[in-house]
Amino acid sequence: MQQMDFCVVCAELEELRHFLSPTPETSENVDVNIPSDNVASVGMCGEAASFTISLRTVDNITVMIQLRPSVSPSCQIRVKNVIRSELKIKPGENVTFTFTCSTPEKYFVMEIQKNIDCVSGPCPFGDVNLYPLGLPRLNRTFIWDVKASTKAGLELKFSTPWLRQIEPGETCPDFVSYNINSCIDMATVNIGTFCRNGSVSRVKLLGGVVMSLHLPWDSPLTTSGFNIANRASIKRLCIIESILKGESSVTLMSPNYPLGFPEDELMTWQFVVPSNMRASVFFHNYSLSNCERKEERVEYYLPGSFSNPEVFKLSDSQPANIAGSFNLSLQGCDQDAQNPGILRLLFQVIVQHPQVDENVTHLVDLSKEWNMTVTIHFEGWPSHIPLMSQPICLICKDPRTCDRVLTLVSGAVYKISFLCKDLSRLRITAEKGISCVDLRWCQRKIYSLSVPKAITQLPIQLHKFIWKLLAPDLINIEITSPSLKLQQHVPEQRCNTSYSYGIVSATPETELNVGVFCPGGSIEKIQMRNNITISLKTFGKGFLNESNQQDLKMSFVPHIKDECTFTLSPDPKAKVYLQTPNWPYGLPPYVSISWYVIVPSKQVGRLEFSKDRMGIACETGRAYVNIKEEALGAEETVRREDELLPKPRNMYHNFWVNVSNCKPVDKTQLTLQFWVTFADKQIDLGLILAVVAGAGVLTAIGLTVCCVKKKKKKSQNPMVGVYNANVNTQVPGKQGLFTKGRKNNESHVYAVIDDAMVYGHLLKESNGSVTPEVDVYRPFDGPIGSLPPSPPPLSFRKDIKCSSNTEELPTLTDTDHDTYTFAHQKSGQSEDNEDMNEKNNGDTNMSLLENKEQDGLVG
């Protein structure tokens with residue numbers, strides 16, 4: 001009971017303190033009771049300080065305090081011991097209230113609305129003040145609802161630093177924002193939302209206006225920042241004035257953006273630009289409504305123009321390089337009632353100093369080009385869009401038609417100029433299409449894949465030149481680089497040139513990234529089976545000096561078997577790194593790639609793989625690596641995905657490397673990397689001495705033999721040791737050709753043994769005649785089976801299905817005259833023995849000296 005009495009006493013004392021405190025008069029004659037510290041303070045009994053607001057009827061002001069949306073009512077308003085969640089004070093009322101918490105700004109917002117009648121009474125021209133003063137420190141919105149006649153209109157003038165329009169949903173840095181709405185009869189049009197610090201100095205409106213100012217609770221702003229200047233008939237929805245000083249940029253939007261501009265309305269933007277500056281207009285976002293009558297358009301009043309107003313469509317390139325102030329108007333149309341659509345516009349005006357070289361024109365002659373486009377753009381286009389506040393580079397094809405991006409097409413001549421302080425920020429991207437319909441016509445033509453002079457002569461860096469090569473079915477594409485040749489960009493051998501070529505082969509099912517290549521390598525020719533995109537990409541300014549040396553050419557060729565075939569012609573003592581296309585993601589399923597390596601004369605190439613196995617497991621089909629030298633009787637080395645890859649080996653002739661993929665069981669695809677090194681062939685001096693010594697011993701034997709043999713004619717070439725051609729050799733599958741087994745027949749016995757057969761290579765004549773093929777007699781000292789070894793799968797012949805079962809191999813007919821030498825791996829035989837058999841059962845036409853050299857290099 002005593003505690004209750006104490007609280008009642010405290011409340012009475014608090015009311016007495018407020019009653020005795022003075023009530024200052026505001027400039028608007030509004031009675032407001034303000035605490036001595038002008039903030040909510042703690043009273044004698046621990047409650048927040050109270051506020052008294054007295055509003056006069058003639059001021060027509062209403063104050064509304066209510067809870068913020070989505071906030072729990074942990075704080076409330078107390079009016080004469082009555083707890084409320086909101087409070088509305090009308091004109092003529094005097095209300096004293098307190099908050100039940102010390103931080104009411106977290107829970108409450110306040111709205112102060114003043115109605116002004118400029119129709120039936122005088123309009124209060126001049127500055128619009130913020131009143132009443134001394135309000136609680138809450139987030140507050142001041143609203144001025146001004147009624148005006150459509151015949152007179154209103155003009156709002158803003159004090160510096162003027163206003164800047166923002167998009168809906170965007171916030172101002174200081175959280176102080178203005179919102180302007182135009183009221184025509186019963187319709188309301190949102191002119192826009194604005195922040196402080198901009199270029200918008202005035203807004204003229206037809207009819208009434210609802211002006212809102214949003215202030216945060218801690219804002220120090222004490223003035224509204226605008227005044228009602230006068231009334232004027234404008235005969236359009238609104239006029240927005242924007243004053244641009246120095247190099248600057250402004251972004252503006254049509255009313256109701258992004259919703260639709262009112263039907264059949266007209267509005268104008270007035271831009272005040274210093275006469276020594278240049279302005280350019282860019283439409284960044286717009287849409288059109290469905291018109292029944294008239295046409296949506298924009299109209300310009302430009303300084304010095306003889307055809308004002310100049311009319312443009314919204315889809316046109318807008319005027320640029322405007323010298324001085326100008327007007328821009330947006331005109332709507334009568335819309336389709338059933339499907340009106342939306343007319344909206346967001347645009348940018350950029351002001352900059354005149355450029356020193358703006359009158360310098362560059363001739364771009366594309367009259368003799370076909371199916372080509374050239375785009376001049378800013379760096380990073382199209383993925384990167386520069387900020388509107390960044391300095392701008394403009395490309396002009398006439399003094400008024402300028403843009404950040406300009407596209408030129410073949411068959412025409414252009415005179416372009418640049419409005420840009422730094423041309424290094426501009427880039428060129430070009431694209432050219434080459435196609436073939438009739439192979440009989442286009443097979444005879446060689447196309448040069450070089451950048452035209454019309455592009456390289458511009459003071460702009462070439463970013464990319466793209467050739468799109470289109471070939472129909474059964475017609476393939478061949479890329480050659482006869483003089484420079486190409487190098488594949490691999491981690492171990494990176495390109496360091498000023499430009500590179502990215503080659504991509506495309507089919508309806510998949511895309512094969514062949515790789516990145518640059519000049520100065522060993523690849524002389526690339527043949528591809530599908531449509532191709534070649535992208536030349538430059539690095540730095542060095543390309544301008546090297547562009548004259550380009551020698552990349554293409555032609556259309558008949559159908560090839562593999563998806564891609566490389567032909568390499570390495571320089572002597574070179575080291576060539578190669579890797580499968582689509583690196584590092586791997587070959588697509590069932591794709592076959594081939595490399596044909598030309599071994600330089602008097603050189604030997606050493607082939608090595610970067611890993612021991614292919615590293616995949618096949619779900620369907622088999623993956624193969626095939627190696628074969630291009631020599632008579634050369635054997636083909638075949639490895640499957642479940643076998644070890646061949647060990648490093650020496651190649652004495654031109655050779656093929658083929659990689660064929662299967663469908664892997666998981667996402668891991670086939671990736672292979674290998675390299676070829678070249679070295680001079682080494683002559684074994686000990687072998688030569690041994691041969692010479694042996695020749696001396698056998699010379700005496702030869703003299704004795706000459707006594708019983710018929711003397712040969714001096715003009716006769718030395719005989720070459722060959723197998724007996726009269727003895728039939730069994731073909732796989734034709735058992736009946738042999739009358740007795742190989743153990744008993746003499747198919748491995750020489751028919752003739754002569755000195756020239758053993759030492760024929762020493763009898764080379766001084767006139768440089770070709771050394772005859774030689775062989776040497778050697779008795780057979782191993783087990784002989786009844787059938788020759790079975791061949792491995794011939795993966796180079798796609799029409800023959802590979803199988804590990806010898807009974808399923810295709811049978812050769814009697815008319816097959818190709819000579820084959822096969823390496824057969826027996827069950828349980830090791831990889832090392834297999835590699836040794838491949839070396840020993842090599843080319844039967846190799847000379848004794850060359851055979852010895854090979855043994856020495858391999859060993």
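A cavity is defined here, on a 1 Å grid over the protein atoms alone, as a set of points where a 1.4 Å probe fits but cannot get out, and its lining residues have an atom within 4 Å of a point. Grid points are joined across faces, edges and corners, and a volume is the space filled by probe spheres set on the points. The structure is a predicted model, in which local features need pLDDT of at least 70 and side-chain atom pairs count only at pLDDT 80 or more, while totals for chains, interfaces and linings use all residues. Residues are numbered from 1 along each chain as its sequence is written, and side-chain values use heavy atoms, with hydrogens and water left out.

Two cavities of 30 Å³ or more were found, and the largest has a volume of about 40 Å³. Its lining includes Ile61, Lys114 and Trp144, and at least two lining residues come from each of strands S8 (108-117) and S10 (139-147), strands being DSSP runs of E of at least two residues, numbered from the N terminus.

Farther along the chain, strand S50 (residues 624-629) has five of its six residues buried, that is, under 20% relative accessible area with a 1.4 Å probe and protein chains only. Strands pair if DSSP finds at least two bridges between them. S50 pairs in the antiparallel sense with S51 (residues 636-640) over five bridges, with Val625 opposite Arg639, and the two strands form a hairpin with six residues between them. S50 also pairs in the antiparallel sense with S53 (residues 655-660), over six bridges, where Ile627 stands opposite Val657.

Definitions and conventions: Buried < 20%, exposed > 50% of the residue type's maximum accessible area, 1.4 Å probe, protein only. Helix = DSSP H or I, 4+ residues; strand = E, 2+ residues; numbered from the N terminus. 1 Å grid on protein atoms, 1.4 Å probe; cavity = no way out; pocket = protein on both sides within 12 Å on 5 of 7 lines; lining within 4 Å.
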